[in-house]
Structures are given as C-alpha cells and as structure tokens.
Amino acid sequence: MDPSFRVVFYVLFLTMFYSVTDAGFFSAVARLGKLVQEEREIVAAVKQHVQNGGKVSADMKRYVDSFDDNNTVPEPDYIAHHPVRAYFLIKRLSKITLSETKKLTGKEVQLPTVEDLHMTALALIVLQDVYGLDMRSLVQGQLVMVSQSTNGAEPQITEICGKDPTFTLDPSDTYYIGEVACKENKFYQAVLWFNLTLEMMREKEKSLLKIGDEQTDRPGPRMRDVLLKLADTVQKIKWDRDVFMAVSQLGATKANAEGLSHLSNLLENAVSSLRKPIRTEIPHINYENLCRLGVLKNQAPHPTLTCRYVRPTPYFYLSPAKMELLHERSPLVALYHDVITDKEVNKMRDIAFRRMGRSPVVADDGGEMFSRSRVSETGWIFDTEHPMIAKLSRRVGYITGLDVNLPYGEAFQVLNYGLGGFYEPHVDYFRLSDVEAGGATVFTRLNLTVPAVKNSAVLFHDLKKSLAFEQDSEHAGCPVLMGSKWIANKWIHTHGNEFRWPCGLTPEE
C-alpha cells in the first residue's frame, strides 16, 4: 500500500444504537440500555408466572427480589450510563440461567456472561485508578474525583454525581473486584479494594456488636480470607518478611483472633508504605492527568476557549463553520462545532446499528485482535448507502479541502464505547463524543486535552506534509466515567490528494 496521509475527521454525537452480535454487554454502553428494558420484561414475565401458581428456582426468586429492591427509576439510561448501577445490572442477570429465562418468557434472550461481570468490575477498577475516584464514595454509588496537588495545596474535589443508597457495594462486591484486579495483574489496585473490604467488614462488625447481633452464617467473605488475600497481593508488589512470617504462622496453626490481629496490623503498615506504580506500558505519565483535566473541562466552560467562524470553501459562505483551533503548529488539531445534525445522527444510527461488533486492534503480525486496551464496538457506513451520508461525507471534504471519495476517503467508522471504555495512547486514530463525564481525547505529547463535545468534529494530521510520520500526533481516548460515548470518524489518504494538499519541502514540515 502506498504511503498515505490520514486526516482523521470525527463526527461526534450522543445517541443510542443497539446491535445483535456475539460481543459482550461490557463492550458497548448502548447494549446496556436495551438490556435494562429486557430485564423489566423478564421480571414481569416471572411475576406473572408466579401469580399463576407457577414455580421458579431459588436463584430466579432472589433475582426478582433484588430487582424490586434496586429498580425504582424508570429511565434505562439512569442505570446504563452509571458504572456502579451497570455493575449491579450485570451481576443480577448473570446469576440466572438462560434456559429458565427462555422457558418463562417464551422468547430468545441474551444474558450477561461471567466475562461481562468480570469486565464490568474491571471498568470500575480502571475508572477509580485513572480518575482518582474516592473509593468510599464509589461504594455508595457516588462518583467523586480527587485531584492531588503537586504544590502542597488542598486536593481538588469534583463531584460527578451524588450518592444512591439503592446501589451500594457491599464487602462481597469489593472483594470480588479486588480478585478481578489480581487476575488482571493490577496488584496495587487489588490492594486498595481488598483493604477497603477489610475496613467495611470491621465497620459492619462494630455495628453488629452494638445491636447484639451475631455475624455467623452471614454471606460474604470471611475476615481471615480477606487478610490472607491482601497479604498475598502485598507480597507480589513488595516482599515483606514480617508479613510472610505472620502468614506462615497462621497456616501452621488454627487461626485465632490474636494471630489475625497481628497480621492485620502488619498489613496496615505495609499498605500505607505502598505507592502507586508508574505505568510502564503508557509512554507518557501525563495521560491520566490529561484525562482528569477532560472531566474538569466538561464541568465548566474552558477559560481559554478561542473560536472563530471560517469559510474554507464557498459551501460555508452563508453559514460559516465554527472552528476552535487547539494546536496550530504541526500537527494541526482543530475542533469544529455543530457540524452534524440530530437528524443525520439518527440516520447513521438506523444504518449502522445492526453492524456493530467488538472493536479490534492491530496485532504485531499486522492482523487483528481484541485487546483490553480498547473497549468499544464498531460499525462501518459507506457514502453510497444513503444521500444523507453522502452529503455528510461531502461536508468533510469541504472542511478539509480534500477528496473524500473512494479510494481516497474511507467509509465512516461508527463506534460506541463500553463500560469505562477507552483507547490507550497510540498513533493511529482517535475518538470522542458528548458524555456526562470522562471520555476526553488527549494528545499525550502535545499536553492537549480535547473534551467530549456533542455534534462536533475533530480534525488532525498524523503525517507531516512531507509524509514524514508525525510522532506528536500520539493520542488516547480517556475512559468514559459516566454516560455513553458515540463517535464516527473518516480517514482520508494522501494518495490522490497531492494537488489539494501540497507536499512540504523538508521532513520537519
């Protein structure tokens, strides 16, 4: 393939489309909105069956009871767009069997799998880690971002949403999330979740003692199991001789209160001395800082916003484009506001929703593979499929000044991000959409954050005019903290656009 220059033009929008594929529920938030509606139909069918004198399994009864306890809000987005609520949705439905559900409802249904629950827990781990979420607040369904100051000032507290007593994580949940972190080799995060589990269990123990209740036969992890799991995870980060000896003594004899208390004290000191490791797989440490800045920008107008009206072609003579220049020198990065209408968004949805499938990444051998570094689903739309899509493609050409027709321009690539969906730093292409929090796109080498803006488009160059590779175009999609992130992008090649985009004279241009 000839060397090509790709202008990546992102049409950003917030909407809901759903597709029937074998991808998991975790890989597209839009799937969860549909799942919420289907869950209500399942519960209604089960209740009707019971009222008619039918019987259901104990798991199904517990499921219906948990639904009644946690679903008083009518809007599906209320659950689907919030990571803790989505976790409970997946957890509830993963406990019932497909065969019984099909028998009771009389129709084919798709239920979350063990992988969906695992990946939903992983989403909570990633969100807490990247955005520095206060874990005590997260347990109560509240998203609170804590930004630590480097100059000794008080940390900045940003509340994304308030507490929700109907969606509260208990020790069994936080313990499970810690186990998922261990399986994903995120040992520092696992320590935080296991330690939080211990704190919650101690508080619960104290409250039970006050009312004279017994803790025997209560569901959830045992204190001894959590301590041993925490000790094992701490040792994987930094070996501690005293912790090792205390665990060995517990294993050699019957666990007693004194031995557990001694291990607990040792772990408290060991945990307090741990520091968050630098992510070696992320080439730039400012990735997380830029993502957090993206949340702050979504909370209030950006103070340095500089927009202007531009008329790159006669098409924009009567209605000029609204351009916000984000980076003028190479690589050019510009944000165009209000370039797509809601009607065009709906048409894209109608065409693309049945084509969505798990988004792959490029493997080392040039092929495709699924990766934890990219959590989203993708569908493609060609310009010739509808006059409205063709018109939107021409608009891309008017803004860029380039030929967007095949083979110079590719089809629109439509994506919806999954729970905590993100795409780690890469030099290929990038994405965003209007979300309630998170989901910004960051240029790690430029120290630039582009917050998600509805119905807007981002234009940037990933090659210099001389066709030399533009390393500063490295970018990443930040995790979606709350909401549903949809994007559509279009790639344009240099081949065939030589006279529209003249070559530079030096590799630096």
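This section describes the overall make-up of a predicted model, its paired strands, its enclosed and open spaces, and one loop glycine.

In the predicted model, the protein chain has 509 residues, of which 54% are buried. Its secondary structure comprises 15 helices and 19 strands. Among contacts with a sequence separation of 6 or more, 74% link residues that are 24 or more positions apart. The exposed surface of the chain amounts to about 24,300 Å², and carbon and sulfur atoms account for 52% of this area.

A series of antiparallel pairings connects strands β7, β10, β11 and β19. Strand β7, residues 357-358, is joined to β10 by two bridges in the antiparallel sense, and R358 has E377 as its bridge partner in β10. Strand β10 spans residues 376-381; five of its six residues are buried, so the strand is largely enclosed by the rest of the structure. The pairing of β10 with β11 is also antiparallel and extends over six bridges. Within this pairing, S376 has Y417 of β11 as its bridge partner.

Strand β11, residues 412-417, is in turn joined to β19 by four bridges, and these two strands run antiparallel. Here the bridge partner of L415 is I487 in β19. Strand β19 covers residues 486-492 and is mostly covered, with seven of its seven residues buried. In a regular strand, side chains alternate between the two faces of the sheet. In β19, W486, A488, K490 and I492 point one way, whereas I487, N489 and W491 point the other way. The residues of both sets are buried, the charged K490 among them.

Empty space within the model was examined next. Rolling a probe the size of a water molecule over the atoms shows where such space is left. The structure holds one cavity of 30 Å³ or more, and the largest cavity contains about 60 Å³ of space. Its lining consists of 13 residues, with H81, L419, G420, V480 and G483 lying nearest the centre. Strand β18, residues 480-482, provides the largest share of this lining, namely three residues. By class, eight lining residues of the largest cavity are nonpolar and five are polar, while none is charged.

The largest pocket encloses about 690 Å³ of space. It is lined by 26 residues, and those nearest its centre are G132, V146, S147, Q148 and R292. At least two lining residues come from each of the helices α6 (114-131), α7 (135-139), α9 (187-210) and α13 (286-299), and likewise from strand β2 (143-147). Helix α9 supplies the largest share, six residues. The lining of the largest pocket divides into nine nonpolar, ten polar and seven charged residues. Charged residues are thus present in the lining of the pocket, in contrast to that of the largest cavity, which has none.

A further local feature concerns G54, located in the loop between α1 (29-51) and α2 (58-70). This glycine has a relative accessible area of 23% and is therefore partly exposed. G54 and L104 are separated by 50 residues in sequence, and their C-alpha atoms are 9.6 Å apart in space.

Notes: Residues are numbered from 1 along each chain as its sequence is written. This is a predicted model: local features need pLDDT of at least 70, side-chain atom pairs count only at pLDDT 80 or more; totals for chains, interfaces and linings use all residues. Side-chain values use heavy atoms; hydrogens and water are left out. Buried means under 20% relative accessible area, exposed over 50%, partly exposed in between (1.4 Å probe, protein chains only). Two strands pair if DSSP finds at least two bridges between them. Contact means heavy atoms within 4.5 Å. Accessible areas come from the Shrake-Rupley method with a 1.4 Å probe; for residues, only the protein chains shown count as cover. On a 1 Å grid over the protein atoms alone, a cavity is a set of points where a 1.4 Å probe fits but cannot get out, and a pocket is an open set with protein on both sides within 12 Å along at least five of seven lines; lining residues have an atom within 4 Å of a point. Grid points are joined across faces, edges and corners, and a volume is the space filled by probe spheres set on the points.
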